[in-house]
Amino acid sequence: MKDIVVMGAGKIGGAIALMLAASGDYRVTVADRSEAQLAAIEAHPAITTAVVDIADAAALDALLKGRFAVLSAAPFHLTGAIAEAAARTGTHYLDLTEDVATTRKVEALSAGANSAFIPQCGLAPGFISIVAHDLAKNFDSLDSVRMRVGALPQYPSNALNYNLTWSTDGLINEYIEPCEAIVEGRLITVPAMEEREEFSLDGVTYEAFNTSGGLGTLCKTLEGRVRTMNYRTIRYPGHQAIVKALLNDLNLKNRRDVLKDLFENALPATMQDVVVVFVTVCGTKNGRFMQETYANKVYSGVIGGRLMSAIQITTAAGICTVLDLLADGKLPAKGFVRQEEIGFSDFLANRFGRVYDPEATKLARVG
């Protein structure tokens, strides 16, 4: 069994810990500065908890020393300190961040490291990059890569058509920070919450708009090889207009604490959610202009004997799969590892990654 530290005892951190512990191959220590959060972690013989403040570098180093890997499920603004501790202690490092600046810091720390640094191991960025890169490999030349992801309530009941399903800080960050995109072959920055579009999937109408971080490192990997590439978050129609009014007209983009308070006290959380993944790649293949698409919906369900939301399942399964592949020697054991270096078939064949397999998901629901 390998010893793993999960930093952050929130919904996602708890899901990661339970998935790993239930596998029988990992001993997991969940660390957080909040004793109340740690008390809510599901009891399991392979899970222990530790009260640790990420700001305490000495305590963090002591926690990580001798461990196989640390998985950060902490807020994005704390992740950099965890990566620094991993570098000091020679511990493999994985995170879920969508924050561009944090990922650049992780890449810098990985230079010359004797352990692996693998950021963005969640849903978007994360699995979405693995899918897009796998589709792109099928073309002789690329024209466009369009990546769309949304974590949505199955039963929307308010004007925003939305319920909180993951980190409020992360949500606000992706709604405000600039977004990377490739336009006419050039990597540029575009504003968040813009370029709204509508599409339908399985008879349901959705809207999508720019949000930050979803492309991960794929934009640099494909720069110069694709004419257009962008990432947009999926919501039900009407969401974008209201959020833009809050951010711009009420200037809450400069008062994130107020916006967070509003969201957390007005938008109820839900376990009845659905994750929508929609990736379309166009290009030339054997002299013909072709399109290939991956479309999937993942619903909430029972994992390890516990009901988990769809965003918990998909995010936790993403980072657990990458950890498994690292432990099995299927990923580089040192230096910076991009999500697009992970094989799509290897991902889906993994015991955790199969939650993303559309056929396996359909069979499970029918069964």
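Is Asp 134 buried, partly exposed or exposed, and what is its relative accessible area? Asp 134 is partly exposed, and its relative accessible area is 22%. Keep in mind as you look around that this is a predicted model.

**Charged pairs**

Let's begin with some background. Side chains of opposite charge can pair when their charged atoms come close. In this structure, a search of the whole model turns up 20 salt bridges. Asp 134 takes part in one of them, with Lys 137 as its partner. The closest N and O atoms of that pair are 4.0 Å apart. The partner, Lys 137, is exposed, at 54% relative accessible area.

Now find Asp 169 and Lys 260, whose side chains also meet in a salt bridge, at 3.1 Å from N to O. Why is this pair worth a look? Asp 169 belongs to helix H7 (residues 168-176) and Lys 260 to helix H10 (residues 256-266), so their contact ties together parts that are 91 residues apart in sequence. Asp 169 is partly exposed, with 23% relative accessibility, and Lys 260 is partly exposed too, at 28%.

Another pair to locate is Lys 285 with Glu 292, whose side chains form a salt bridge at 2.3 Å, N to O. Glu 292 counts as partly exposed, with a relative accessibility of 21%.

Here are these three pairs side by side:

| Salt bridge | N to O distance |
|---|---|
| Lys 137 and Asp 134 | 4.0 Å |
| Asp 169 and Lys 260 | 3.1 Å |
| Lys 285 and Glu 292 | 2.3 Å |

Salt bridges can also join up. Which residues are linked in a network of salt bridges? They are Arg 148, Glu 195, Glu 197 and Arg 232.

**Cysteines**

Next, turn to the cysteines. How many disulfides does the model have? The count comes to zero. Cys 121, for example, is in no disulfide, and the nearest cysteine sulfur, which belongs to Cys 320, is 10 Å away. Cys 121 is buried, with a relative accessibility of 1%.

Why does Cys 179 not form a bond with the closest cysteine? The closest cysteine sulfur sits in Cys 219, and because it is 11 Å from the sulfur of Cys 179, it is too far for a bond. A disulfide needs the two sulfur atoms to be within 2.5 Å. Like the question we began with, we can ask whether Cys 179 is buried or exposed. Cys 179 is buried, its relative accessible area being 2%.

Definitions and conventions. Residues numbered from 1 in each chain as written. Predicted model: local features only at pLDDT ≥ 70, side-chain atom pairs only at ≥ 80, totals over all residues. Heavy atoms only, no water. Buried < 20%, exposed > 50% of the residue type's maximum accessible area, 1.4 Å probe, protein only. Helix = DSSP H or I, 4+ residues; strand = E, 2+ residues; numbered from the N terminus.
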